[in-house]
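Visitor: I would like to learn how to read packed helices, a ligand shell and unusual peptide bonds in a model. Could you take me through them one at a time?

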Amino acid sequence: MTLAEDGLPPLREVIARHGLAAKKALGQNFLLDLNLTRRIARAAGDLSGCDVLEIGPGPGGLTRALLAEGARRVVAVERDARCLPALDEIARRWPGRLEVVHGDALELDPEARLNAPWRIVANLPYNVGTELLVRWLTPERRGGGWPPGWSGLTLMFQREVAERIVARPGAKAYGRLAVLAQWRAEARIAFDVSPRAFTPPPKVWSSVVDLRPLPAPRHPAEPDALARVTAAAFGQRRKMLRQSLRTLRPDAAEMCAEAGIDPTLRAEALDIADFCALARALRARETARS
Ligand code: SAM
């Protein structure tokens, strides 16, 4: 058997030997091209001196690339026990640098396992990708704050989700995810990936998104209030704000006026500064009431 450049067997061989037929329920679309996984790892920047959290290593194509690109240590969380023997081979190839956690990424506390500085790099399972991103963007929900523990997120999403993360006001894809992501991080699409790069190929294109935390939010707001305002406004995005925000407060029109925002606008017309102003007005009214 011809070995790959990193001295391990080619991924196609790994998958065949360990019987890793992809399971749809686990969002398994594997990357077999080690040049592509190296490109993803490089999109995360210089990894030397940095721990990396990888969600869903699967047969380990991206894991191998992260280690080959010099990550100090990789902590890889995988739900599927079938992948563990393949990942064990990688751990033996780079002694002391790969820790595999068998479990659900939604239950992992990254802060407890990684040393600063650390980043997250992953070809995410599509069924939990957005949920994980929102958690990483709102560390307050688990007692954290901003700046977050992570110093970068380099993540593969379905392209439609990637577009929602980087969308600007007025765009069809602009919504809660764009506001939450861009409020206190720089978000960009690094590159797109064809369905043909995956086994099995998904129906849609994917994109690698790179997010870097800003030292402080662009505008003051409480994350919880901002999340509620954006959820209400975009939950009924075709309605005027004075109507959509009534799910939060009956005096929605006055609240908009207080924030300096025309209550006849729709959510997509507001930029991040406007949503932060609304979040502050919401909190001011709630505090005045209690
Ligand atoms: N990183 C591999 C690659 O690029 O070829 C696999 C990516 S595949 C899109 C997603 C991986 O996440 C699968 O290996 C799947 O078993 C795993 N996974 C799915 N749900 C998970 C969860 N909740 N926690 C941890 N891993 C999960």
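**Reading helix pairs, a ligand shell and cis bonds**

Guide: The crossing of α2 and α3 is right-handed, and this pair is a good place to begin, with the caution that the model is predicted.

Visitor: How is such a pair described in general, and at roughly what angle do the axes of α2 and α3 cross?

Guide: Two packed helices are described by the distance between their axes and by the angle between those axes. Here the axes of helix α2 (residues 34-43) and helix α3 (residues 61-68) come within 8 Å and cross at roughly 55°. Because angles from 65 to 115 degrees count as roughly perpendicular and those under 35 as roughly parallel, α2 is oblique to α3.

Visitor: Which residues of α2 and α3 meet?

Guide: From α2 come L34, T37, R38, I40 and A41, and they meet G61, L62, R64, A65, L66 and A68 in α3. Sorted by class, this contact has seven nonpolar, two polar and two charged residues.

Visitor: Turning to the other pair, are α8 and α9 roughly parallel or roughly antiparallel?

Guide: The axes of helix α8 (residues 176-183) and helix α9 (residues 223-235) come within 9 Å, crossing at roughly 155°. An angle over 145 degrees counts as roughly antiparallel, and therefore α8 is described as roughly antiparallel to α9. The crossing of α8 and α9 is right-handed. On the α8 side the contact is made by R176, V179, L180 and W183, and on the α9 side by L226, A227, T230, A231 and F234; by class, these are seven nonpolar, one polar and one charged residues.

Visitor: Which residues come nearest to the ligand?

Guide: There are 23 residues around the ligand, of which G56, G58, A105, N123 and P125 come nearest. The elements giving two or more residues to this shell are β1 (30-31), α3 and β3 (73-78). By class, the shell around the ligand has twelve nonpolar, seven polar and four charged residues.

Visitor: Where are P117 and P147 placed, and what is the omega of the bond that leads into each?

Guide: A116 and P117 are joined by a cis peptide bond with omega of about -10°, and P117 sits in the loop between α5 (110-113) and β5 (118-123). The peptide bond from W146 to P147 is likewise cis, with omega near 5°, and P147 lies in the loop between α6 (129-137) and β6 (150-158).

Visitor: Which residues does UniProt list for the annotated domain?

Guide: The unreviewed UniProt entry lists residues 36-215 as "domain: Ribosomal RNA adenine methylase transferase N-terminal". In the model, that span is 31% helix and 28% strand, and its end C-alpha atoms lie 31 Å apart.

Note on methods: Residues are numbered from 1 along each chain as its sequence is written. This is a predicted model: local features need pLDDT of at least 70, side-chain atom pairs count only at pLDDT 80 or more; totals for chains, interfaces and linings use all residues. UniProt positions are given in the numbering used here, feature names are shortened, and annotations may be inferred rather than shown by experiment. Helices (H or I, at least four residues) and strands (E, at least two) are DSSP runs, numbered from the N terminus. Axes are lines fitted to C-alpha atoms, for helices over the stretch in contact, and angles run from 0 to 180 degrees between N-to-C directions. A crossing is left-handed if the near helix is turned anticlockwise from the far one by less than a right angle, and right-handed if clockwise. Two residues are in contact if their C-beta atoms, placed from the backbone, lie within 7 Å. Ala, Val, Leu, Ile, Met, Phe, Trp, Tyr, Cys and Pro count as nonpolar, Asp, Glu, Lys and Arg as charged, and the others, Gly among them, as polar. A residue is near a molecule or strand if its C-beta atom, placed from the backbone, lies within 6 Å of it.
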